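Hi,

Here is the structure I promised to pass on. Have a look at it first, and then read my notes underneath.

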There are 2 protein chains.
Amino acid sequence: MILALQRATHATLHALAVRLAGLNLTASEINVLANLADGRTRSIGELGSDTATKPTTLTSVLDRLARKGYVTRELDPADRRSFRVSLTADGRGVAGAARAAAEDLERTALAEVSDADLAGFRAVARALAEVSG
Amino acid sequence: MILALQRATHATLHALAVRLAGLNLTASEINVLANLADGRTRSIGELGSDTATKPTTLTSVLDRLARKGYVTRELDPADRRSFRVSLTADGRGVAGAARAAAEDLERTALAEVSDADLAGFRAVARALAEVSG
DNA sequence: TATTGTTATACTCTATAACTATA
DNA sequence: TATAGTTATAGAGTATAACAATA
């Protein structure tokens, strides 16, 4: 079970990376962009829990994304210890492409899978994800 | 879907690492030990496809496992470019503990999941894993 | 010539702890 | 004092390419 889970994750991340090779993004960077794609501004802490990455990783991920011009960090006027992270126009474009690639990948992979199987998958994934809590 | 998959993998690997913290093993090391636990000898190449790790990673993983006395590399007399990797007695003990922890984790996490959901999960995981092929 | 595995290099992710600037 | 993020450091996985030994 756990082995199957790992294999599937590994394979999808790799397939996604191949599809997005032209964009020159790592899995973490894609993850952050995909999370910001809804247009909502987030603090670094929120982004960390949404993407399940450590603040120490986020710092460098956001540094790279900012250098590429996809993301901005602005001081939060309400709490000047923290930042509001948001997408630039370029960032929105790239995030959209990443999201489209992920959706296309899912459609392709799951074309022959029944809705019942999908529901089962979601139930198991949720159960496994909650073990760590 | 892909996000759910990633989250579940992340959480289970983390939970497993916590349970096995006393053994001082990384996820890759556990993966290798679990694969060798059936007692079958493997070449590095076979081990690489079984564990989905690159030869370059395996070299260092096996170096660490050998240093800890869990694994041996012996020249294959039939093809002296390659090695036969096998568990030592200590290695068998640790591999057994790792496998038991993984099974216990699954039992705990999936106690309330139906067989139908499990079957669905397997179908989806298999479909996703085959995308990369 | 091709293949097995190692080595070298460079980059990313992670964990931990020390540090800053705010609160 | 406590919290949000950053920086520093060190370990681990990955990709790529060059390499030795063997086939």
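**Around DNA strand D**

DNA strand D is surrounded by 22 residues, and the closest are A:Thr59, A:Arg81, B:Ser28, B:Lys54 and B:Arg64 (a residue is near a strand if one of its heavy atoms lies within 4 Å of it). Of the strand D atoms that come within 4 Å of the protein, sugar and phosphate account for 73%.

Before you read on: this is a predicted model, so local features need pLDDT of at least 70 and side-chain atom pairs count only at pLDDT 80 or more, while totals for chains, interfaces and linings use all residues. Residues are numbered from 1 along each chain as its sequence is written, chains are lettered from A and ligands numbered from 1 in the order in which they are written, and side-chain values use heavy atoms, with hydrogens and water left out.

Back to the DNA. A phosphate oxygen of strand D sits 2.9 Å from a backbone N or O atom of A:Gly45. On chain B, a side-chain N or O atom of B:Ser28 is 3.2 Å from a phosphate oxygen, and for a polar side-chain atom of B:Thr57 the distance is 3.3 Å. Helices H3 (44-51) and H4 (55-67) of chain A and helix H4 (55-67) of chain B each give two or more residues to this surface (helices are DSSP runs of H or I, at least four residues, and strands are runs of E, at least two, numbered from the N terminus). H4(B) gives the most, with 4 residues.

**The two copies**

A turn of 180° and a shift of 0.0 Å along the axis lay chain A on chain B with an RMSD of 0.1 Å (superposed by least squares on the C-alpha atoms of residues with pLDDT of at least 70 in both). The copies are thus related as by a two-fold rotation axis. In chain A, A:Phe121 comes closest to that axis, its C-alpha being 1.9 Å away.

**Salt bridges**

There are 18 salt bridges over all chains (a side-chain nitrogen of Lys or Arg within 4 Å of a carboxyl oxygen of Asp or Glu). One of them pairs A:Glu46 with A:Arg84, with the closest N and O atoms 3.9 Å apart. That pair links helix H3 to strand E2 (residues 83-87) of chain A, across 38 residues.

In chain B, B:Arg42 and B:Asp50 form a salt bridge at 2.9 Å between the closest N and O atoms. B:Arg42 is buried, at 3% relative accessible area, whereas B:Asp50 is partly exposed, at 26% (buried is under 20%, exposed over 50%, partly exposed in between, with a 1.4 Å probe and protein chains only).

Cheers

Technical notes:
A polar contact is a pair of N or O atoms within 3.5 Å; within protein, one must be able to donate a hydrogen and the other to accept it, and residues adjacent in sequence count only if both atoms are side-chain atoms.
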